[in-house]
Protein chains: 2
Amino acid sequence: MTVTGISPAIILVEPQMGENIGAAARAMLNFGLTDLRLVKPRDGWPNDRAVAMAAGAVDVVQNAQVFETVEEAVSDLQHVYATTARPRDMIKPVATPNAAAAELRQFTQLNETCGILFGKESSGLSGDDVTCADTIITVPLNPDYTSINLGQAVLLVAYEWYQHADQTPAKIVRNEERVATKQELGALYNRIETELDARGYFEPIMNRRSVILRNMRNMFHRFDMMESDIKGMQGIVKGLSLNKKDTGK
Amino acid sequence: MTVTGISPAIILVEPQMGENIGAAARAMLNFGLTDLRLVKPRDGWPNDRAVAMAAGAVDVVQNAQVFETVEEAVSDLQHVYATTARPRDMIKPVATPNAAAAELRQFTQLNETCGILFGKESSGLSGDDVTCADTIITVPLNPDYTSINLGQAVLLVAYEWYQHADQTPAKIVRNEERVATKQELGALYNRIETELDARGYFEPIMNRRSVILRNMRNMFHRFDMMESDIKGMQGIVKGLSLNKKDTGK
């Protein structure tokens, strides 16, 4: 596999203001990023204000892909990061933009697809959005004044990406293995959930169903699963889902 | 001398839009900077738009100091940086925001006063403004799209400053010497210029006067002069300015 110039996608989840989409596009292009994805932009798409604000980066806006869900937006990606202002009660690694950029460069040198989620202006990413990510990015900020806007958050992450252009080659060894895509992971989750529901597993604990499922998704994200791991897990799920054999006892 | 929390000043030279002054103040406070200085803001001062844009950082705006000239704005500083988008034909060190932040932390740990100049939105810093600085800061950007706005430039420099908070202590040794202030340097330049003019030095080359003087200022900036160097140079200038003694020959 040759090392190409693939770059991380910037994924804005339910962005509210077209101006901020335009500002994000400019920040991206300043630092060589062009793959903009939008999940349910509030004011629909296309958006004249985004185009007006984008100035010289209007191509980035006009080539943006629009999705209905975060799951769809990340389905082809192998590594997903979620930017959050505050810690979440999830067991996920937390990186600074600097550390995340170093890692992103290693992944993209291996031709692995990456993306970074940014939440809506008013409230950031939801817990479910963060669950779609492997790693959290938090910008170290003056604890007395942590308000930064969407365009600035994109700027800082894109800036760090660009500054790591010349770092030494990746040391990660994959042994011909391929990291699972989020679509493959999502299919595994859905299979497990469907099978659990079909068995009435949650019926006595329905109020805890969503928390349990989210914890499960977070757990699998931590596993850094390869394609072969997914196949193995799918086999296990399939096996467990079979009806018990009548052993004659 | 104890190590205190002194932080670099952010100096906006002839900023045109109040909104950008407010955005700069927010970016400063996000990363723990509060010393905002303005040189001849276009729309006067105070400025309602700057206050409105500053949101939670309104104290930074309201405590801003306003100056008539760059020289006055930097007169109490010992180390001055100039942010420029493009290289200038001056012999000054050029640093990335990252490298500049590391250096700034070393200086402030020694309790030395620092500031960073940012030019006006339309055209950046003038050559004369840059001459007031010891070092140039240039943000590495996608060469195909280098347009960033004033607030973003302040954000990136302030961000790097904050990220270097935990670096190892300074290795610079000053041997009880004090770095000269820009006021002391300015007084030296003015003295030299006055003496040269008084002697008609430039009369045959009046069209080159300003270039020669700028080159001289840039040269002295490169010298990293200490207080004692200034005194030594002042002595030399004084000595050279005396009328030739009548030796009787």
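How many bridges join strand β1 (residues 9-13) of chain A to β2(A)? In this predicted model, the two strands run parallel and are joined by four bridges. Within this pairing, I11(A) stands opposite R37(A) of β2(A). Strand β2 itself spans residues 36-39 of chain A, and its side chains are divided between two directions: L36(A) and L38(A) point one way, whereas R37(A) and V39(A) point the other way. All four of these residues are buried. In general, side chains in a regular strand alternate between the two faces of the sheet.

The β1-β2 pair belongs to an open sheet of seven strands in chain A, with the order β3-β2-β1-β6-β4-β7-β5 and parallel pairing. The edges of this sheet are formed by β3 (65-67) and β5 (94-95) of chain A; each has a single partner strand, so one side of each is left without a neighbour in the sheet. At one of these edges, β5(A) pairs in the parallel sense with strand β7 (residues 135-137) of chain A over two bridges, and A95(A) stands opposite I137(A) in β7(A).

Chain B likewise contains an open sheet of seven strands, with parallel pairing and the order β3-β2-β1-β6-β4-β7-β5. Its edge strands are β3 (65-67) and β5 (94-95) of chain B, each of which pairs on one side only. Inside this sheet, β4(B) and strand β7 (residues 135-137) of chain B run parallel and are joined by three bridges. T83(B) stands opposite I137(B) in β7(B).

The relation between the chains was examined by superposition. Chain A is superposed on chain B by a rotation of 180 degrees with 0.0 Å of shift along its axis, at an RMSD of 0.1 Å. That is the relation of a two-fold axis. Of the interface residues of chain A, 100% are also interface residues in chain B, so the copies meet through the same surface.

The largest nonpolar core comprises 78 residues, and those with the most contacts inside it are L12(A), L36(A), L12(B) and L36(B). The surroundings of L12(B) illustrate this packing. Beyond its neighbours within four places in sequence, L12(B) is in contact with I21(B), A24(B), L36(B), R37(B), L38(B), V39(B), F118(B), L150(B) and V154(B).

Helix α8 of chain B (residues 182-198) was considered next. At 1.5 Å a residue, its 17 residues should span 24 Å, and the end C-alpha atoms are 24 Å apart, in agreement with that expectation. The buried residues of α8(B) are K182(B), L185(B), G186(B), L188(B), Y189(B), I192(B) and E193(B). They cover an arc of only 160 degrees around the axis, which places them on the same side of α8(B). An α-helix has 3.6 residues a turn, so residues three or four places apart point the same way. On the other side of α8(B), Q183(B), T194(B) and A198(B) are exposed. The elements covering the buried residues of α8(B) include β4 (79-83), α9 (209-222) and α10 (227-241) of chain B. Just after α8(B), G200(B) takes a positive phi of about 70 degrees.

A further buried position is found in helix α6 (residues 127-131) of chain B, which contains T131(B). With a relative accessible area of 3%, T131(B) lies under the 20% limit and is therefore buried. Apart from neighbours within four places in sequence, its contacts are M90(B), K92(B), R214(B), R217(B), N218(B) and H221(B).

Several backbone features remain to be described. Most residues other than glycine have a negative phi, and most peptide bonds are trans. In chain A, a cis peptide bond with omega of about 0 degrees joins W45(A) and P46(A), and P46(A) is placed in the loop between β2 and α2 (48-54) of chain A. In chain B, the peptide bond from W45(B) to P46(B) is cis, with omega near 0 degrees; P46(B) lies in the loop between β2 (36-39) and α2 (48-54) of chain B. The loop between β2 and α2 of chain B also holds K40(B), whose phi is near 45 degrees, a positive value in a residue other than glycine. K40(B) counts as partly exposed, at 41% relative accessibility. Phi is also positive, near 65 degrees, in N111(B), a residue other than glycine. N111(B) is located in the loop between α5 (97-109) and β6 (114-118) of chain B.

Technical notes: Residues numbered from 1 in each chain as written. Chains lettered and ligands numbered in written order. Predicted model: local features only at pLDDT ≥ 70, side-chain atom pairs only at ≥ 80, totals over all residues. Heavy atoms only, no water. Expected span 1.5 Å × (residues − 1). Buried < 20%, exposed > 50% of the residue type's maximum accessible area, 1.4 Å probe, protein only. Arc of directions from axis to C-beta. Contact = heavy atoms within 4.5 Å. Core = buried A, V, L, I, M, F, W, Y, C linked by side-chain atoms within 4.5 Å. Least-squares fit on C-alpha atoms with pLDDT ≥ 70 in both. Pairing = 2+ DSSP bridges.
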